Amino acid sequence: AESREVASSCAAILESSLFILRAYCSCAVGMYKGDHADGAVSNTPPTSVFPGGESEAALFLADARPALIPLCAEVDAVPRAVWGLSEPTFAGQVTRHIRTLLQN
């Protein structure tokens, strides 16, 4: 029972981290490709995340693609039992959105 609680805590932390990464990706895509880019939705002004402007957003996207796309695929491949008491649906939605943002 305790291991399921630990797994649930780890899953919650991972979900929060993925949510933050999605926000960064969305801001970068919005700044680099324009506000109407596919999947770019954020309430945070991109300039507050990337004060260096479009070039900083482009650098983030270039660095993020080779790291985050495989990470998202690995998160999606985690068996349901590993998530403990958590439901992996939200994490799956966020990882799909991150991949959509980075692959466009």
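This briefing describes one long helix, the salt bridges, and two acidic residues, Glu-15 and Glu-56. The structure is a predicted model, in which local features need pLDDT of at least 70 and side-chain atom pairs count only at pLDDT 80 or more, while totals for chains, interfaces and linings use all residues. Residues are numbered from 1 along each chain as its sequence is written, and side-chain values use heavy atoms, with hydrogens and water left out.

**Helix H1**

- Helix H1, where helices are DSSP runs of H or I with at least four residues, numbered from the N terminus, covers residues 2-33 and has 32 residues.
- From its first C-alpha to its last, H1 reaches 46 Å, close to the 46 Å expected at 1.5 Å a residue, the expected span being 1.5 Å times one less than the number of residues.
- Buried residues of H1 include Ala-7, Ser-8, Ala-11, Leu-18 and Cys-25, where buried means under 20% relative accessible area, exposed over 50% and partly exposed in between, with a 1.4 Å probe and protein chains only.

**Glu-15, a buried acidic residue**

- Glu-15 lies in helix H1 and is buried, yet Glu-15 has no salt bridge, a term that requires a side-chain nitrogen of Lys or Arg within 4 Å of a carboxyl oxygen of Asp or Glu.
- The nearest side chain of opposite charge to Glu-15 is Arg-80, 9.4 Å away, with Lys and Arg counted as positive, Asp and Glu as negative, and His and the chain ends not counted.
- Leaving aside neighbours within four places in sequence, Glu-15 is in contact with Trp-83, Glu-87, Phe-90 and Ala-91, contact meaning heavy atoms within 4.5 Å.

**Salt bridges**

- A search of the whole structure finds two salt bridges.
- Arg-99 forms a salt bridge with Asp-76, the closest N and O atoms being 2.4 Å apart.
- Because Arg-99 lies in helix H4 (residues 89-103) and Asp-76 in helix H3 (residues 54-77), this pair ties together parts that are 23 residues apart in sequence.
- Arg-99 counts as buried at 19% relative accessibility, whereas Asp-76 is partly exposed at 33%.
- Glu-87 forms a salt bridge with Arg-80, with the closest N and O atoms 3.0 Å apart; Glu-87 is partly exposed at 43%, and Arg-80 is partly exposed at 45%.

**Glu-56 in helix H3**

- Glu-56 has its place in helix H3 and counts as partly exposed at 31% relative accessibility.
- Apart from neighbours within four places in sequence, Glu-56 is in contact with Val-49, Phe-50 and Pro-51.
- Glu-56 and Ala-28 are 28 residues apart in sequence, and their C-alpha atoms are 8.3 Å apart in space.
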